[in-house]
Amino acid sequence: MTHRTYTQQALRRYTLPRLKTIAAELGVTPTLDKRGSETWINAIIAHQSTHPEKFITPASIPLTPIEISFYNHEYYAGDKLIAAITYDNDLTRPWVVMVNDKEIHRASTNILCHHYICSHYKDGSLPVQEQNATDTNSTTEKEIMCQIFNECKKYGFEIVGDGIYNNDVKLGEVGFSGGTWWVVGATEQERVSCQSALVAVWRLAVAQTPRHTELLNHRFEMLTPMNSSIYGSINEFLN
């Protein structure tokens, strides 16, 4: 079993009861004065140094922010939810960082919350977000949305409730079901299978390019990797 790596700076932010809990989870028992926080901190740090194979550094996995809406954002490391940003009606500090549905920080702007999450994630002092191991469907859906979001971001497309938009024009929808990625245009009714989210969003981009109006008359399954637009051919993205 692997555990997260704690820095000395991060451990010093915890209370003595919390340090004792962390030590118990790691199987650490200090031999010196157990009444002082430094005793527990030093014991935990020493244990990590002695058994590096049992620890991982969360910050080695880059964070991916997902914009759920203007007022709601989620931050992922791989497929793991790390933290969220929400908004309330506080007049001076309406932006809130949430971990495990609990407020851990409040700021006047969204970007300050972003910096808070990134900074504390990097030094290991961000509280650990509990992952629901039984909620596999929810996790899968978030992974799918993360991939679609990342591809749409390349083109400046926006994901709205009923599909993918370029400015105010709906381009279509992209999804993953039955083990296969698919895309359907705004004027189409049938889904077309794709190799990946990259290919699916690229098809939407190519089909709406003004410079290639002849492609607009092609069904999605007739678009090939050789078709190109101002966005380039799909081969350029794959290579």
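Which residue in strand 6 is the bridge partner of Ile-85? The bridge partner is Val-97, and the legends below place this pair in its setting. The model shown is predicted.

**View 1. Strands 4, 5 and 6 pair in the antiparallel sense****.** Strand 5, which covers residues 80-87, pairs with strand 4 over five bridges. Strand 5 also pairs with strand 6, residues 95-99, in this case over four bridges. Two facing positions may be picked out: Glu-74 stands opposite Ala-84 of strand 5, and Ile-85 has Val-97 of strand 6 as its bridge partner. Strands 4 and 5 form a hairpin with two residues between the strands. In this hairpin Gly-78 takes a positive phi near 65°. In a regular strand, side chains alternate between the two faces of the sheet.

**View 2. A salt-bridge network links Asp-88, Glu-103 and Arg-106****.** Within this network, the side chains of Asp-88 and Arg-106 meet with an N to O distance of 2.8 Å. Asp-88 lies in the loop between strand 5 and strand 6, whereas Arg-106 belongs to strand 7 (residues 102-107), so the pair ties together parts that are 18 residues apart in sequence. Asp-88 is partly exposed, with a relative accessible area of 26%. Arg-106 has a relative accessible area of 16% and is therefore buried, the cut-off being under 20%.

**View 3. Glu-151 and Lys-154 form a salt bridge within helix 5****.** The closest N and O atoms of the two residues are 2.9 Å apart. Both residues lie in helix 5 and are three residues apart, about one turn of the helix. Is each partner buried or partly exposed? Glu-151 counts as buried, at 12% relative accessibility, while Lys-154 counts as partly exposed, at 47%.

**View 4. Arg-35 and Asp-33 meet in a salt bridge****.** Their side chains are joined at a distance of 3.0 Å, N to O. Arg-35 is exposed, with a relative accessible area of 70%, and Asp-33 is partly exposed, with a value of 39%. The count of salt bridges in the model comes to six.

**View 5. The second largest pocket is lined by 18 residues****.** Its volume is about 390 Å³. Ile-66, Glu-67, Ile-68, Phe-149 and Ile-159 lie nearest the centre of this pocket. The elements that give two or more residues to the lining are strand 3 (63-69), strand 4 (72-77), helix 5 (136-155) and strand 8 (158-160). Helix 5 gives the most, with seven residues. By type, the lining divides into ten nonpolar, two polar and six charged residues.

**View 6. The largest nonpolar core has 21 residues****.** Ile-148, Phe-157, Ile-164, Val-174, Trp-181 and Val-183 touch the most other members of this core. Two or more residues come from each of helix 5, strand 10 (169-177), strand 11 (180-185), strand 12 (192-194) and helix 6 (197-207). The element that gives the most is helix 6, with nine residues. Another core, of 15 residues, lies apart from this one. Among the members of that other core are Leu-63, Ile-85, Val-97 and Ile-117. Ile-85 and Val-97, the bridge partners of View 1, thus appear here again as core residues. In soluble globular proteins, nonpolar side chains tend to be buried together.

Note on methods: Residues are numbered from 1 along each chain as its sequence is written. This is a predicted model: local features need pLDDT of at least 70, side-chain atom pairs count only at pLDDT 80 or more; totals for chains, interfaces and linings use all residues. Side-chain values use heavy atoms; hydrogens and water are left out. On a 1 Å grid over the protein atoms alone, a cavity is a set of points where a 1.4 Å probe fits but cannot get out, and a pocket is an open set with protein on both sides within 12 Å along at least five of seven lines; lining residues have an atom within 4 Å of a point. Grid points are joined across faces, edges and corners, and a volume is the space filled by probe spheres set on the points. Ala, Val, Leu, Ile, Met, Phe, Trp, Tyr, Cys and Pro count as nonpolar, Asp, Glu, Lys and Arg as charged, and the others, Gly among them, as polar. Two strands pair if DSSP finds at least two bridges between them. A salt bridge is a side-chain nitrogen of Lys or Arg within 4 Å of a carboxyl oxygen of Asp or Glu. Buried means under 20% relative accessible area, exposed over 50%, partly exposed in between (1.4 Å probe, protein chains only). A nonpolar core is a set of buried Ala, Val, Leu, Ile, Met, Phe, Trp, Tyr and Cys residues joined through side-chain atoms within 4.5 Å.
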